[in-house]
Amino acid sequence: MQIHIGNLIRDELRRQGHTNQWLAERIGITPRTLQKLFNKPSIDTQQLFIISRALGVDFFHPYSILLKENPCSSPE
């Protein structure tokens, strides 16, 4: 299983009914940079923490689940 964190963030943002502008302002980046982030399969952990707080979602959780399911395998 591969996690594409950019897709997860974009999907959650849409689910909550917020705009790119809304999230970009809360995390201190431009909407254009946020759009680029959605295309990334992985991002910096500090940035992921800030986004998690802004949206009220633990975006680290999918990685924890994957780790528990496959503790000794490498990510694909």
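In this predicted model, the buried residues of helix α1 are covered by elements that include α2 (20-27), α3 (31-38), α4 (45-55) and α5 (61-69). The points below deal with α1 itself, with the salt bridges of the structure, of which there are two, and with Ser 52 of helix α4.

**Helix α1: length and end**

- Helix α1 consists of twelve residues, residues 5-16.
- At 1.5 Å a residue, a helix of this length should span 16 Å, and the end C-alpha atoms of α1 are 17 Å apart, so the expected and the computed values agree.
- Gly 17 follows α1 and has a positive phi, near 80 degrees.

**Helix α1: buried face**

- The buried residues in α1 are Ile 5, Gly 6, Ile 9, Glu 12 and Leu 13.
- Viewed down the helix axis, these buried residues fall within an arc of 135 degrees, and therefore they line one face of α1.
- Among the elements that cover the buried residues of α1 is α4 (45-55), the helix in which Ser 52 lies.

**Salt bridge between Arg 15 and Glu 12**

- The side chains of Arg 15 and Glu 12 form a salt bridge, with an N to O distance of 2.7 Å.
- The two residues are three residues apart in helix α1, so about one helical turn separates them.
- Glu 12 counts as buried because its relative accessibility, 13%, is under the 20% cut-off.
- Arg 15 has a relative accessible area of 61%, which is over 50%, so Arg 15 is exposed.
- This salt bridge therefore joins a buried residue, Glu 12, to an exposed one, Arg 15.

**Salt bridge between Asp 11 and Arg 10**

- Asp 11 and Arg 10 also meet through their side chains in a salt bridge, at 3.3 Å from N to O.
- Asp 11 is partly exposed, with a relative accessible area of 41%.
- Arg 10 is partly exposed as well, with a relative accessible area of 27%.
- In general, side chains of opposite charge can pair when their charged atoms come close.

**Ser 52 in helix α4**

- Ser 52 has a relative accessible area of 9%, so the residue is buried, the cut-off being under 20%.
- With neighbours within four places in sequence left aside, Ser 52 is in contact with Val 57, Asp 58, Phe 59 and Phe 60.

Definitions and conventions
Residues are numbered from 1 along each chain as its sequence is written. This is a predicted model: local features need pLDDT of at least 70, side-chain atom pairs count only at pLDDT 80 or more; totals for chains, interfaces and linings use all residues. Side-chain values use heavy atoms; hydrogens and water are left out. Helices (H or I, at least four residues) and strands (E, at least two) are DSSP runs, numbered from the N terminus. The expected span of a helix is 1.5 Å times one less than its number of residues. Buried means under 20% relative accessible area, exposed over 50%, partly exposed in between (1.4 Å probe, protein chains only). The arc is that of the directions from the helix axis to the C-beta atoms. Contact means heavy atoms within 4.5 Å. A salt bridge is a side-chain nitrogen of Lys or Arg within 4 Å of a carboxyl oxygen of Asp or Glu.
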